[in-house]
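Reader: Got a minute to walk me through this model? Keep it quick.

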Amino acid sequence: MKTILRILFVVAGIMLFSMYSSYQDKNSEKIMNEEGTLQSIESEEQLVPEVIEEGVTKLIGEPKGKLLEQFGEPIRKDLSSYGYTWWIYPISNESYFQAGVKDDKIVTLFAIGKGINVKPYTLGQNLQDIYAITPLQSEITVVNNNGNYKFELSEQDMNQKALVKINDDTYAQLYLDRFTGTLMGIRYLDSEILILQHPYQVVYTGEKINDIKPSSSEWELIEEGNEKQIIDMTNIIRKVYEKPALSWNEEVAEVARGHSTDMFKESYFSHESPTYGTLGDRLDKAAILYLSAGENIAAQYTDGADSVMGWLNSPGHREALLDEEFTHLGVGVHQKYYTQNFVKFR
């Protein structure tokens, strides 16, 4: 018997949209809680962009052999928490994309930076040009064999992660940099993956959306992949904005992992651990000597890419992402808890 249900991500939404960013040095501590002021986008009927005949967009639904033909073997393959495997392709130090492969078929793509053909859009494209291609809607309904799923986008979604229907089985999430008014990243995905991830509030009739539940060993691989993707994308963003790349530091990453794990196990979301204290306390305990340090945290985001795009659109997090003073980064992920620790060593 079919049911009508509404999913309200109350707890997840609080953590999703209430991220924090902190900076610390040996003499002072400053914690910023920034959500920003968003503007609504008026729209009428959504227009479906022209048929895609080139670029990575046309790969959705194609066999994985198309990836090999066009780009060769990936530098690595990262497991996701949604049943597909990310094939990672860093094209250059300012161009990066990853393709999700499930059952030998390409089901999703994520691209960031410059120079990748993501038609009908262009990375770096301004909002006015995007609106000319596709007026944006706050509600989009996806229909498949399991039911009807109506996604309801908030004002923040519309301004930072708009959803567009490309064709009958391909959708695009437009990751907008609200500070520059440009398209920083884009995710293409088929209807099955969109419904599985349900990254927006959704009302549906039909079968319940059942989340995939990875095993503990699978989570370890997923977490490792998200950590690598986060530093890759962080450095792409820094390159786009002409900032020096950050080097990975495993000792700092261990501190970040500890904090993500602690937040998960103790069910809290804060820079200050009830047990292990502040970022400064945790770095000191690990005997890490630093001149300055910063921390970004996020929880309940779809994946590493989603969290990085969220940080970019929050003033405090953006400051850490683009700070020229920091030289090293450690990333720690535990399931859907994400921590970035930035440092400048002594």
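Author: What follows covers the overall make-up, one helix pair, one hairpin and some backbone oddities.

Author: This is a predicted model, where local features need pLDDT of at least 70, side-chain atom pairs count only at pLDDT 80 or more, and totals for chains, interfaces and linings use all residues. Residues are numbered from 1 along each chain as its sequence is written, and side-chain values use heavy atoms, with hydrogens and water left out.

Reader: How many helices and strands in the protein?

Author: The protein has ten helices and 19 strands. Helices (H or I, at least four residues) and strands (E, at least two) are DSSP runs, numbered from the N terminus.

Reader: What share of the residues counts as buried?

Author: Of the 346 residues, 55% count as buried. Buried means under 20% relative accessible area, exposed over 50%, partly exposed in between (1.4 Å probe, protein chains only).

Reader: And what area does the protein expose?

Author: About 15500 Å², with carbon and sulfur atoms supplying 47% of it. Areas come from the Shrake-Rupley method with a 1.4 Å probe; for residues, only the protein chains shown count as cover.

Reader: On to helix H9. Why is it described as largely enclosed?

Author: Because nine of the nine residues of H9 (residues 304–312) are buried. Among them are Asp 306, Met 309 and Trp 311.

Reader: What sits at the start of H9?

Author: Asp 303. One of its side-chain oxygens reaches to within 3.3 Å of the backbone nitrogen of Ala 305.

Reader: How does helix H6 pack against H9?

Author: H6 (residues 216–240) and H9 pack at an angle of about 35°, with their axes 8 Å apart. Axes are lines fitted to C-alpha atoms, for helices over the stretch in contact, and angles run from 0 to 180 degrees between N-to-C directions.

Reader: Left-handed or right-handed crossing?

Author: H6 passes H9 in a right-handed crossing. A crossing is left-handed if the near helix is turned anticlockwise from the far one by less than a right angle, and right-handed if clockwise.

Reader: Which residues in H6 meet H9?

Author: Asn 226, Ile 230, Met 233, Thr 234 and Ile 237. Their partners in H9 include Gly 304, Val 308 and Leu 312. Contact means heavy atoms within 4.5 Å.

Reader: Switching to strands. Is S18 mostly covered or mostly open?

Author: Mostly covered. Six of the seven residues of S18 (residues 328–334) are buried.

Reader: Which strands does S18 join?

Author: Two bridges join S18 to strand S16 (residues 247–248), and the two run parallel. There, Ser 247 has His 328 as its bridge partner. Seven bridges join S18 to strand S19 (residues 337–345), antiparallel this time. On that side, Gly 332 partners Thr 339. Two strands pair if DSSP finds at least two bridges between them.

Reader: What links S18 and S19?

Author: They form a hairpin with two residues between them. Gln 335 in the turn has a positive phi of about 50°. At 23% relative accessibility, Gln 335 counts as partly exposed.

Reader: Where else is phi positive in a residue other than glycine?

Author: At His 198, near 30°. His 198 lies in the loop between helix H5 (191–197) and strand S15 (201–206). His 198 is buried, at a relative accessible area of 10%. Most residues other than glycine have a negative phi, and most peptide bonds are trans.

Reader: Which peptide bond is cis?

Author: The one from Lys 119 to Pro 120, with omega near 20°. Pro 120 is in the loop between strand S8 (117–118) and strand S9 (121–122).

Conventions. A polar contact is a pair of N or O atoms within 3.5 Å; within protein, one must be able to donate a hydrogen and the other to accept it, and residues adjacent in sequence count only if both atoms are side-chain atoms.
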